[in-house]
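Got your viewer open and a cartoon on screen? Let's take a walk through this one, one selection at a time.

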Amino acid sequence: MSTMRKTKGSGVMPAVMTFWNADESFNQKETERYIQWVLDCGAHSLSVTGSTGENISMSDDEQKKIIECLVKFVDHQVPVYPGTGKYSTAQTIEMTKFAQKCGAEGALVIMPYYLIPHKRAVVNHFKKLREAVGDDFDIILYNTPRFCGYQFEPIELKELAEQGIINGVKLADGRASYIQGMKHYCPDGITALYGHDYEPLPAFFAGADGWLSGLPGIFPKFCVDLFNLCTVQQDAPAARKLWDKMQDFIDYFITYSNNDPHWHEVFKYVLKCFGFDAGLPRMPLGDLLPEEKKKVDALLADMDVTIKATNLIK
């Protein structure tokens with residue numbers, strides 16, 4: 001295995017959605033139109049077929065078809081990281097090697113979930129994956145206690161990076177302190193991506209190399225502007241002022257939410273408001289209730305005109 005190195009992609013890495021037709025088949029044309037809009041808004045990298053992309057609802061053949069289609073569509077405009085993780089090590093290797101064959105720069109690999117394997121087994125899972133794909137292919141570990149029931153601490157991730165097993169980590173715990181921990185234990189040898197939607201500012205000022213989550217997939221230009229204010233211009237007052245325009249929306253679907261409506265339902269509706277035929281999430285999720293749509297309409301109406309203008313499609 002190789003020594004530590006960062007991923008080829010970083011910066012704002014929207015976890016993009018997958019659009020479905022009314023019969024829940026893949027709406028390729030509209031998904032591609034949406035992805036091009038995200039790229040035109042300045043995204044630095046992309047993640048497809050992840051949690052936001054509803055990979056858990058896809059058959060293996062369908063997931064492969066969508067990975068192949070979207071990697072080909074992007075055509076190296078930016079690095080692409082398909083979500084390829086499964087519980088099974090063999091299935092994870094199969095899906096990841098397929099993404100590699102399609103030309104993806106790397107993969108976003110969720111840790112084995114549901115049965116909550118012990119960490120020694122999970123480390124071996126990622127070792128086997130690295131052996132299968134070789135040293136040049138990026139592996140981003142998706143560190144998400146919400147979906148997996150456990151997570152790796154920064155000092156544990158340092159060991160995986162030092163062995164060359166992973167090149168990046170999506171820190172989906174949401175707390176900026178995890179970014180701070182990564183930068184303390186592994187300052188230069190791993191790409192540390194903030195992996196939630198509610199604390200990007202402190203995460204960026206703690207040294208996050210990027211932002212991999214769902215919010216950049218619906219407000220890509222806003223998120224790029226915020227990232228640049230924090231990391232390039234290092235203008236904390238301006239960044240706080242910009243984030244304040246998003247706070248009420250974040251509070252609606254995260255801070256004070258009981259997960260009803262679900263964030264997938266909210267995001268798909270926002271994209272419809274921006275002019276996309278986004279469809280609905282696959283069942284068991286569905287459409288927002290009329291009163292929920294009115295609430296989202298009001299939140300969007302209250303947002304600064306520059307946020308809406310930079311996100312409306314042509």
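What follows is a tour of a predicted model, going from the whole chain to the sheet and then to the aromatic rings.

**Stop 1: the whole chain**

Start with everything in cartoon. You should find 14 helices and 6 strands in the protein chain. Its radius of gyration is 18 Å, close to the 20 Å from the globule rule for 314 residues, so the chain is as compact as a globular protein of that length. Turn the C-alpha trace around and you'll see it span about 50 × 45 × 35 Å along its principal axes. Colour by burial, and 57% of the 314 residues come up as buried. Of the contacts between residues at least 6 apart in sequence, 71% join residues at least 24 apart.

**Stop 2: the sheet**

Now hide the helices and keep the strands. In what order do the strands of the open sheet lie? Reading across, it goes β1-β6-β5-β4-β3-β2, with parallel pairing. β1 and β2 are the edge strands, each pairing on one side only.

**Stop 3: strand β3**

Select residues 138-143, which is β3, and turn on side chains. Is this strand mostly covered or mostly open? Mostly covered: 6 of its 6 residues are buried. Look along the strand and you'll see Asp138, Ile140 and Tyr142 pointing one way, with Ile139, Leu141 and Asn143 pointing the other way.

Next, add β2, residues 106-110. It runs parallel to β3, and 5 bridges join the two. To get from β2 to β3, follow the chain through helix α4 (residues 119-133); this β-α-β crossover is right-handed. For one pairing to zoom in on, pick alanine 107, whose bridge partner in β3 is isoleucine 139.

On to β4, residues 168-171, which is parallel to β3 and joined to it by 4 bridges. Here, tyrosine 142 has lysine 170 in β4 as its bridge partner. Keep going to β5, residues 191-194: another 4 bridges pair it with β4, again in the parallel sense. Click on valine 169 and you'll find alanine 192 of β5 opposite.

**Stop 4: the aromatic rings**

Bring the helices back and select the Phe, Tyr and Trp side chains. A search of the whole structure turns up 14 aromatic pairs. Zoom in on phenylalanine 19 and tyrosine 34: their rings are stacked, 4.8 Å centre to centre with 25° between the planes. Phenylalanine 19 is in the loop between β1 (11-12) and α1 (28-40), while tyrosine 34 is in helix α1, 15 residues apart. Tyrosine 34 has a relative accessible area of 0%, so it's buried; phenylalanine 19, also at 0%, counts as buried too.

How is the ring of phenylalanine 276 set against that of phenylalanine 19? The centres are 6.2 Å apart and the planes are at 55°, so this pair is tilted. It links distant parts of the chain: phenylalanine 276 is in the loop between α12 (263-273) and α13 (290-302), 257 residues from phenylalanine 19. Both of these phenylalanines are buried.

Widen the selection to take in the aromatic cluster. Phe19, Tyr34 and Phe276 are among its members, as are Trp37, Phe219, Phe249, Phe253, Trp263, Phe267 and Phe274.

**Stop 5: charges over rings**

Two last clicks. Pick arginine 282, and its charged end sits over the ring of tryptophan 20, 3.6 Å from the centre. Then pick lysine 119: its charged end sits over the ring of phenylalanine 152, 5.3 Å from the centre.

Technical notes
Residues are numbered from 1 along each chain as its sequence is written. This is a predicted model: local features need pLDDT of at least 70, side-chain atom pairs count only at pLDDT 80 or more; totals for chains, interfaces and linings use all residues. Side-chain values use heavy atoms; hydrogens and water are left out. Buried means under 20% relative accessible area, exposed over 50%, partly exposed in between (1.4 Å probe, protein chains only). Two strands pair if DSSP finds at least two bridges between them. A crossover is right-handed if, with the strands pointing away from the viewer, the path from the first strand over the helix to the second runs clockwise. Rings of Phe, Tyr and Trp (its six-membered ring) pair if their centres lie within 6.5 Å; planes under 30 degrees apart count as stacked, over 60 as edge-to-face and the rest as tilted. A charge sits over a ring if NZ of Lys or CZ of Arg is within 6 Å of the ring centre and within 35 degrees of the ring normal. The radius of gyration is taken over C-alpha atoms; the globule rule is 2.2 Å times the number of residues to the power 0.38. Contact means heavy atoms within 4.5 Å.
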